[in-house]
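Hello,

Here is the structure you asked for. My notes on it follow below.

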Amino acid sequence: TLRARGAGPADAALADTLARRARAAYAVGVRHPGPCQGAPGRAPYFYEEESWADDMELGAAALGALTRERAYLQDALAWAAREPVTGWMGADTARHYEFYPFHNAGHHEAFAQFDPRHDAMARRTLARHYADGLQRVADRATNGFRIGIPFIWCSSDLVVSYATQAALWRRMTGSARYRAHEQAAIDWLFGANPWGTSLVIGIPRDGVWPRHPHSQLPDSLLHGLTGGLVDGPVYRTIYESQRGVRLTGADRFAAFN
């Protein structure tokens, strides 16, 4: 990117350094496949990510775009076959951050690098992977809100990821098959949900949104905060088992829980 913008010599040197490091990081992933988790120590919770093939696919697609070496694109297809659908899609539950980052950007990035004239099959395969996941969630969306995600920690992120994947698939195929579910996901975030509350702090300014979010920020810094996406609703069993998460006042939405 730095080179494409006609940057100066210092930026060109930085671009070369980043390119070498990207290749090296990818090579480490090839030699040592598998998830890389943080150690929880004494903490009761930690990010239990088990998915990793999607990360390698995205890396291969990015290196393919950078180097124009077809071997990276073939790698991307192979990684895509290992995890065609992100694990939470269609599931009833998942562990905390088990399938982070919640949707696979690699399918879209690899799709963009394949030539539509000569690699139509590869492009169709990647688009079908997206459609398979979207359909699994749509099959669970039997409620009036067209929402079919599992209500685990960060359920809002799953909703955002569904909308994102649906939008990417729509660009890739030109099909509006999941357009209603894509819009329903966006609507859910801004108040079309059982509680009638936006899940984005401060938007709309005169609307209903979380005034006292659970946050690492001190209360003094929360004043005027706009645009923060709250984690969203969770199963009661999850909420009641968490440490350090509590209501500071009466639950105005208790009747809708």
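First, a term: on a 1 Å grid over the protein atoms alone, a cavity is a set of points where a 1.4 Å probe fits but cannot get out. A pocket is an open set with protein on both sides within 12 Å along at least five of seven lines. Lining residues have an atom within 4 Å of a point. Grid points are joined across faces, edges and corners, and a volume is the space filled by probe spheres set on the points.

This is a predicted model, in which local features need pLDDT of at least 70 and side-chain atom pairs count only at pLDDT 80 or more, while totals for chains, interfaces and linings use all residues. Residues are numbered from 1 along each chain as its sequence is written, and side-chain values use heavy atoms, with hydrogens and water left out.

Cavities

There are two cavities of 30 Å³ or more. The largest has about 60 Å³ of space. Its lining is V137, A138, R146, I147, G148, I149, V159, Y162, H181 and A185. Helices α5, α6 and α7 each supply at least two of the lining residues. Helices here are DSSP runs (H or I, at least four residues), numbered from the N terminus. By type, the lining divides into seven nonpolar, two polar and one charged. For these classes, Ala, Val, Leu, Ile, Met, Phe, Trp, Tyr, Cys and Pro are nonpolar, Asp, Glu, Lys and Arg are charged, and the others, Gly among them, are polar.

The second largest cavity has a volume of about 30 Å³. W88, A94, R95, Y97, E98, F99, Y100, F102, I152 and L158 line it. That lining has eight nonpolar residues, no polar ones and two charged.

The largest pocket

About 2,000 Å³ of space lies in the largest pocket. Of its 47 lining residues, the closest to the centre are H214, G232, Y239, V245 and L247. Two elements give two or more residues to this lining: α8 (219-222) and α9 (236-239). Helix α9 gives the most, with three residues. The lining divides into 24 nonpolar, 13 polar and ten charged residues.

Helix α5

Helix α5 covers residues 120-140. Does its length come out short, long or as expected? The expected span is 1.5 Å times one less than the number of residues. For the 21 residues of α5 that gives 30 Å, and the end C-alpha atoms are 31 Å apart, which agrees.

Which residues of α5 are buried? They are A122, R123, T125, L126, A127, H129, Y130, A131, G133, L134, V137 and A138. Buried means under 20% relative accessible area, exposed over 50%, and partly exposed in between (1.4 Å probe, protein chains only). The buried residues of α5 pack against α2, α3, α4, α6 (155-173) and α7 (179-189). Contact here means heavy atoms within 4.5 Å.

Salt bridges

The structure holds ten salt bridges. Each is a side-chain nitrogen of Lys or Arg within 4 Å of a carboxyl oxygen of Asp or Glu.

E50 pairs with R95, with the closest N and O atoms 3.4 Å apart. The two come from distant parts of the chain, 45 residues apart: E50 is in the loop between α1 (9-31) and α2 (53-67), and R95 is in the loop between α3 (70-82) and α4 (105-113). E50 is partly exposed at 36%. R95 is partly exposed too, at 38%.

R95 also bridges to E98, at 3.7 Å between the closest N and O atoms. E98 is buried, with a relative accessible area of 13%. Shared partners join E48, E50, R95 and E98 into one network. R95 and E98 also appear in the lining of the second largest cavity.

D92 bridges to R140, with the closest N and O atoms 3.8 Å apart. D92 lies in the loop between α3 and α4 and R140 in α5, so the bridge ties together parts that are 48 residues apart in sequence. D92 is partly exposed at 48%, and R140 is partly exposed at 27%.

One loop residue

T197 sits in the loop between α7 and α8. Is T197 buried or exposed? At 9% relative accessibility, T197 counts as buried. Leaving out residues up to four places away in sequence, T197 touches W188, F190, G191, V208, W209, P210 and F253.

Best wishes
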